[in-house]
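Colleague: I should be grateful for a close look at the nonpolar core. Which residues have the most contacts inside the largest nonpolar core?

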Amino acid sequence: MNTVLSRANSLFAFSLSVMAALTFGCFITTAFKDRSIPVDIHVSKVMLKNVDDFTGPRERSDLGFLVFDISADLQPIFDWNVKQLFLYLSAEYATKNNALNQVVLWDKIVLRGGETKLNLRETKPEYLFFDDGNGLRSNKNITLTLSWNVVPNAGILPLVMGSGHVSLPFPDSYEIYKSY
């Protein structure tokens, strides 16, 4: 009646239930932790060009250039359930065509055990800051925000925004001859 396979199945099912309970316990111990930290963002240079957009109709689009500084101490975010952080700097702004535009300008992966003090000086964006029209020129409210995804060992993948951001205006005219 109690064959070897029946006993192995019972042992496997019990082990799986115990592992699921332990994983849930690991998740619940850090699920409600506040992972927001203060972030200092400073922009030292803003430039705007009007360039050909080769992705669609033959129109010209705005291309923004920034030089920024970011400083933050990421150590309070890390605990035993954090495997890595995916950091990204995004720009948010409104235009007459779109109520909300979001563009990722820079990103970085920080592993557990790696350098947790973020101190970037005179950094240029990793990705181009293109607008799909002319929405950057004379835009007075472009907001830069540092956000991150916490990659846990067990549990959900929360999206957290830093508690510091900076809003900046873009110029009223295009740069013509200056290089970035």
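Modeller: Along the sequence, the chain follows the pattern α-β-β-β-β-β-β-β-β, that is, one helix and eight strands (DSSP runs of H or I with at least four residues, and of E with at least two, numbered from the N terminus). The chain has a radius of gyration, over C-alpha atoms, of 23 Å, well over the 16 Å that the globule rule (2.2 Å times the number of residues to the power 0.38) gives for 180 residues, so the chain is more spread out than a compact globule. This is a predicted model, in which local features need pLDDT of at least 70, side-chain atom pairs count only at pLDDT 80 or more, and totals for chains, interfaces and linings use all residues. Residues are numbered from 1 along each chain, and side-chain values use heavy atoms, without hydrogens or water.

The largest nonpolar core (buried Ala, Val, Leu, Ile, Met, Phe, Trp, Tyr and Cys joined through side-chain atoms within 4.5 Å) has 35 residues, and Leu74, Leu85, Phe129, Leu146 and Trp148 have the most contacts inside it. At least two residues of this core come from each of S1 (40-53), S2 (59-73), S3 (82-93), S4 (101-111), S5 (117-123), S7 (142-152) and S8 (159-168). Strand S3 gives the largest share, six residues. Beyond its neighbours within four places in sequence, Phe129 is in contact (heavy atoms within 4.5 Å) with residues including Leu63, Leu66, Ala91, Val103, Leu136, Ile142 and Phe170. In the chain, 40% of the 180 residues are buried (under 20% relative accessible area, with a 1.4 Å probe and protein chains only; exposed is over 50%, partly exposed in between).
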